[in-house]
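Thanks for taking a look at this one with me. Here are some notes to read alongside the model, taken point by point.

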Amino acid sequence: AGIIKTMVVNVISTGLGIKPNINAKLLGISEDRKEVFEEAAKQVWHEFIQESDMTGLHFDCEAQPLIYNSALENAEALIQITHKEDKSRPFSTAINIIESDRLETPPQFRGDKTIRSGIKFNRFGAPVGYWIREDHPGDMQFRNPKKARKYRFVRAKNVFGRKNVIHYFDKTRAGQSRGVPLLTPAMPLFKDLGESLEAEVVAQRIAACIGLVIENEDAVASNIQATTEINATAQREEGIEPGMIKRLFPGEKMTAFMPQRPGFMWDTFVERILRVIATSLGLPYELVGKDFSKVNMSSARVAIQEARRLFRMKQMSFFTKIIQPIYESVMDEAFLIGRLPVNDYFAKRGLYVRTKAKLPGWPWVDPLKDSKAADTGLRNRTQTLANIYSDRGEDWEDGLAQRKRELEAIEKLGLP
């Protein structure tokens, strides 16, 4: 759970943003008209994300983490772009987040070679539609076993070629139709670590119960005060409890029992297992184990930069496969209800739905050194404001506009 949460926090954070970015020259419009359109599109998207999901989830801070968490835990996420007629909503377009376990081939189609794990493919291997169970496989106790399971078929695209269903997963080989959970490569190691930890805890509990060991000088087996019972198979069972004290008999002496638990190699063993787990997941050990005790500033920077390359790749994948198609569907409806100030939207749709991603960034590892490096890069023209702002999850145009307002406010108030 900790590794998955780390991925969600670093990849999604408070939500990936999207910014309209149309090209005025290609569209044959003025820069003023471009700004008017982009402001209208921003407002449309802002209204949509407030209640994007069929259940009323906020798209940025609720739906996105839920979708990505599902993709990591269950290997994939399934999102249907649908419509919800509700007068309280500004748009009928809505997303329906579906548990991927409900994606299943109906019994009557189990012999159909064009359907694999609930997905129907065409002869080129592209998905045509999805068979979705009406109930979850785990809801058997709420379903009448005498009634047949109900399925519905949802086409992958509508009649206009727009996506109806987004099936999000990491595809690592050609022909792959379903995803693989993030933790799959490390599961044997988690099992070994869990069993070792359980054994160590049991040993600790036993050691905590034994305060004294009775040593008999006459070579008679010493007895630890315990309750002894005979079970059904005639075997003797002994129980021990914390804080036991044994009264000594003549000829006996007591010896302090001081077990060395955990063993001196236990920490090294756990760290080695976590390092192998981190390697199998493509993450630095420091992030998996949340242990930065053995790094300096340079090694920490290398580890964090290595992780951020992975996070940025995941962010772009999520943006391209999920956010962009949803944005396009919302803009389609916005034009149809007169919310976009253009007349040729569908004629030039590809140009009007152009965007750029506003990806969450991360704070600088060493603010002073990183700030100086950014300043040096700008002066040497080897760095741009766009890159600097982007690394911090901000937009350079918004940043400069905000800076302008601040300078104007300072001048207006007569501040130094």
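1. β2 and β3 run antiparallel and are joined by six bridges; strands here are DSSP runs of E with at least two residues, numbered from the N terminus. Along this pair, Ile-81 stands opposite Ile-95 in β3. Please keep in mind that this is a predicted model, with local features needing pLDDT of at least 70 and side-chain atom pairs counting only at pLDDT 80 or more, while totals for chains, interfaces and linings use all residues. Residues are numbered from 1 along each chain as its sequence is written, and side-chain values use heavy atoms, leaving out hydrogens and water.

2. The pair belongs to an open, antiparallel sheet of three strands in the order β3-β2-β8 (two strands pair if DSSP finds at least two bridges between them). Why do β3 and β8 each have one side without a neighbour in the sheet? Both stand at the edges with a single partner strand, so that side is left free of a neighbour.

3. Now look at α4, which covers residues 59-73 (helices are DSSP runs of H or I with at least four residues). Its buried residues, meaning those under 20% relative accessible area with a 1.4 Å probe and protein chains only, include Phe-59, Ala-63, Ile-67 and Leu-72. The buried residues of α4 pack against β2, β3 and β8, and also against α1, α3 and α8 (contact means heavy atoms within 4.5 Å).

4. Just after α4 comes Ala-75, with a positive phi near 85°.

5. For the wider view, the protein has twelve helices and 13 strands, and buried residues make up 37% of its 416 residues.

Terms used
Expected span 1.5 Å × (residues − 1). Buried < 20%, exposed > 50% of the residue type's maximum accessible area, 1.4 Å probe, protein only.
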